[in-house]
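What follows is a guided reading of a protein model, moving from its sheets to its surface and its charged pairs. Please keep the sequence and the structure in view while reading.

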Amino acid sequence: MAIEKGYYTKSGIEVDIQQASLRTNSIDILLSGEADYAVSGADVLIAKSRNMPVVALAAISHDSPLSLMVRKDSDIETAADLRGKNIMLSESNRFAIVAMLKKSGLSVGDYNILPISANHSTLINKLTDAYPVYITDKGYFNTDLDVEYTYLRPKDYGLEFYNDILITTENEINNNRFRSSDFREASLKGWKYALANVDETIDLILNKYPNQSNTRERLKLEANELIKLVRPLQTEVGSMKDTYWLHMLDTFKELGLTDKAPPLTSFIYKPKAEDHLDYLRITPEERAWFRQHWNQIRIGVNPDWFPIEFTNQDGAHSGISSDLIKKIGQDLKIYIKSAQGLTQAEATLKLKNKELDVLPASVKTKEKEEYLLFSNPYMSSDWVMITTQTYKTIKPTILVNGKETYSLKGLTDEKIAVTNGYVSHQRLKDNWSMLELVVKPNVLETLRSVQAGEASIAIVDLETATPLLHSYQMTDLKVNGPAFDQQDHIYFAVRKDWPELVSIINKELDYIGQTEIDRIKNKWRSVPVTLGFQKEDVLLIIEVAILISALIALWGFTIRRAKTKVEELSQQKTDLLVSKSRHIVMGEMISMLVHQWKQPLTSMMLGMSIIRMKMNSLKLSKKDAEFFDDQFTKVDQMLEDQNQLISDLRNFFHPEKTKEPFNLADSIEGALSILSGVINKNTIQITQQVDGNIQIIGFERELKHVFINLIKNAVDELKESNISQPKISIYTSIDSENITIKVQDNGNGIADDILPTIFEAYVSSKGLNGTGLGLYMSKLVIVEHFSGSIEVQNCTAINPCKDSSITGACFTIQIPSSNIHLN
């Protein structure tokens, strides 16, 4: 349409459009000088990573329409089913398909790439198993003369890429910057006109570009599908975001399709400077409001509506709404001040009184609509009923004239916990006043009231309740069912006299786009609710210090009681060390854990020093003094080990660590010493057959924590299974190739359904009581840092393990002899 409407001509540009070939690459044609501009897919980013001088001018499709078409009567249902199959791929735009296959576990050698044919007749005749098409063109394929097809889209595998990307070269930008700018603007103007005038565009195609396969019905279908991908009403046609390109680049790097990070500043074309308000098509009235209020917008933040919005440990606004507010502030260049420490009810009241201006996350109610304006919604909210596991299934309906109708009257005999100021609280007060409500200050306390028996039902937002139930291991609670007969949505709520701001927010939300909003939501949904161990650990050391001080003051009553308490202290420190050793996480989580662990550990070590000093001032018998000194020495050593563990966590993936020789028997004995408290408490018999002369070259502390994890798992299993004569056996053997280390217990073994995946992340034999990271990290240590292997099998009377008559789980570690030597 840009040609037909004369948009290029008006810009002084003569355009000659060349027909693309399926067997040629548009990027190669562009770089060869045969064309000044071209249209490409996500492949252009791969080209940039290979130092090709390409520039992305505009992205027409914000969701890629590319897909693989397969016959419906084939055995291909997913991309993984293409293993060993024939796939036709064009020279252009093939990386999105390759990325989908890679994410499905298929490397290039796992399928056969065939030169693409002129049309999909090769698929009809079964000469290929998959044929690349645009999803927008499916109306051309499912005809009466054809077989039926299904489509495998990269988007369905979590891969989202720009497509129909207008590209040029760096040379064109540098030498003809006005032409490149005018060409881009004219092209986008043509796209906008075509999308806004679909019928006129179809008439033009049918009359001026006749094709036997083109019919009005098919072109109409193609236009409707294309509009879904371009989203002209949501985003500016052709717009691109740096964050989206970075997301695409990260995806390609993750899948091994590139290992370089090209500079995107020279890749993403920036149109001539333009005010963002002009870009959003702000009206004169909205601009006048903006000039007056841009530096004084006050928002109220709900402190505990995780992950929608909450206040983090530093008191800062965090969560989904926080990221949206930051994005809006950056785009519009406005100053937003956040009011902290307010409950939802308090913030709403201040907004009503115009002491605040905006609530970035609010649910719409009739009462609020009397004094607030609401933006378009940016996410949904589902209210559910939480009960104990044993509570009966709730059906919130009654029969009216023989038909089931929503009603909560059946809960009149129950106490229902709600969070103060939340829409659930207001809705129950207004519509179901006969119910007895237990009002709590936050969602966590609302859930805990059900655990404590203070209420039988909690009505909470599912988005918030789910991470809390998991993070606080509320395994005795369950989601019983929906609470209301309607789904709520989350909006920006704005004071009634600022309709201009509502309009601006709506335009900015359209500019941000649903893809970016979904990315923000998924980011915060993956963040753990509990922000570390700091509060719990500080409380622990305070309680321990008070307890031991009290025991010292009451020393004259009984020495045995004091010994028992110190043993309890030792046990607590042991459990803490073991807990920390099994909660190692990768990537950014390691940094967060180390940061939040360091402070309470320091407090513990300081507390132990103070307690030791107080003990030394008391007059004790020599025997008692030796006992306490021995116990404190053990605790000090455990804390020191814990401190070293922090360094291990920080340096776990550090490539420059130095391997050192250490004694295997000493490492095993060190693990047993740390766990001696729980071993003795559960009267577990330890049998060792370990060669004391074996020296290993590697990282001793990491291997010791593997032993701690395996032995502690065995202790937990023996305790849980209530084995009458619990035993743990540890023995080694050595041959010319490997040293073998076996750790076996006489418990009930590992459940068959999780045995094959027990070393995968987040797989645990303990249900919600385990993180599923201990064995995963243990395997990572053995494989990555000792070049060895670790396996497990269940030993039974029918299927006994080699060299052992014990039944139960048996873990076998093998380390190559190149890592060891005998003294």
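Which residue in β8 does S40 stand opposite? The residue is I165 in β8, which stands opposite S40, and this pair offers a convenient place to enter a model that is predicted. The strands concerned, β1 and β8 (residues 163-169), run antiparallel and are joined by 3 bridges. They belong to an open sheet of 3 strands, whose order is β1-β8-β2 and whose pairing is antiparallel. In this sheet β1 (38-40) and β2 (54-61) stand at the edges, and because each has a single partner strand, one side of each is left without a neighbour in the sheet. Averaged over the sheet and with direction ignored, neighbouring strands are turned by 35 degrees against each other.

Before turning to other sheets, it helps to have the whole protein in mind. The protein has 823 residues, of which 49% count as buried, and its secondary structure comprises 28 helices and 32 strands. When contacts between residues at least 6 apart in sequence are considered, 76% of them join residues at least 24 apart. The exposed area of the protein is about 40,500 Å², and carbon and sulfur atoms supply 49% of that area.

Another open sheet is formed by 3 strands in the order β6-β3-β7, again with antiparallel pairing. Here the edges are taken by β6 (131-134) and β7 (149-152), each of which has a single partner strand, so that one side of each is left without a neighbour in the sheet. The average turn between neighbouring strands of this sheet, direction ignored, is 45 degrees. Within the sheet, strand β3 (residues 66-71) and β7 run antiparallel and are joined by 4 bridges, and one can locate this pairing through M69, whose bridge partner in β7 is Y151. Helix α4 (residues 95-103) lies across β3 and β7, and its direction makes an angle of about 65 degrees with β3.

Further along the chain, strand β14 (residues 358-363) offers a view of an enclosed element. Because 6 of its 6 residues are buried, β14 is largely enclosed by the rest of the structure. This strand pairs with strand β24 (residues 488-495) in the antiparallel sense over 4 bridges, and within that pairing S362 stands opposite Y491 in β24.

A loop residue gives another view of the packing. P396 is placed in the loop between β17 (383-388) and β18 (397-400), and because its relative accessibility is 15%, P396 counts as buried. If its neighbours within four places in sequence are left aside, P396 is in contact with M385, T405, Y406, S407, L408 and P482. P396 and D485, although 89 residues apart in sequence, have C-alpha atoms that are 8.8 Å apart in space.

On the surface, I3, V15 and I17 make a nonpolar patch of about 250 Å². I3 itself lies in the segment before α1 (7-10), and with a relative accessibility of 39% I3 counts as partly exposed.

The charged pairs remain to be considered. Side chains of opposite charge can pair when their charged atoms come close. In this structure the count comes to 29 salt bridges, and one of them is formed by the side chains of D110 and R83, at 3.4 Å from N to O. Since D110 lies in the loop between α4 and β5 (112-115) and R83 in the loop between β3 and β4 (86-89), the pair ties together parts that are 27 residues apart in sequence. D110 is partly exposed, with a relative accessible area of 24%, and R83 also counts as partly exposed, at 47% relative accessibility.

A salt bridge also links K270 with D242, where the closest N and O atoms are 2.9 Å apart. K270 lies in the loop between α10 (242-254) and α11 (276-279), while D242 is in helix α10, so to follow this pair the reader must connect parts of the chain that are 28 residues apart. The side chains of D323 and K523 meet in a further salt bridge, at 2.8 Å from N to O. Because D323 lies in helix α13 (residues 320-332) and K523 in helix α20 (residues 514-525), this pair ties together parts that are 200 residues apart in sequence. D323 is buried, with a relative accessible area of 11%, whereas K523 counts as partly exposed at 35% relative accessibility. Finally, salt bridges that share partners join R298, K354, D357, R495 and D497 into one network.

Technical notes: Residues are numbered from 1 along each chain as its sequence is written. This is a predicted model: local features need pLDDT of at least 70, side-chain atom pairs count only at pLDDT 80 or more; totals for chains, interfaces and linings use all residues. Side-chain values use heavy atoms; hydrogens and water are left out. Buried means under 20% relative accessible area, exposed over 50%, partly exposed in between (1.4 Å probe, protein chains only). Helices (H or I, at least four residues) and strands (E, at least two) are DSSP runs, numbered from the N terminus. Two strands pair if DSSP finds at least two bridges between them. Patches are made of residues with over 30% relative accessible area and no salt bridge: like charges are joined within 9 Å, nonpolar side chains (Val, Leu, Ile, Met, Phe, Trp, Tyr) within 5 Å. Accessible areas come from the Shrake-Rupley method with a 1.4 Å probe; for residues, only the protein chains shown count as cover. A salt bridge is a side-chain nitrogen of Lys or Arg within 4 Å of a carboxyl oxygen of Asp or Glu. Axes are lines fitted to C-alpha atoms, for helices over the stretch in contact, and angles run from 0 to 180 degrees between N-to-C directions. Contact means heavy atoms within 4.5 Å.
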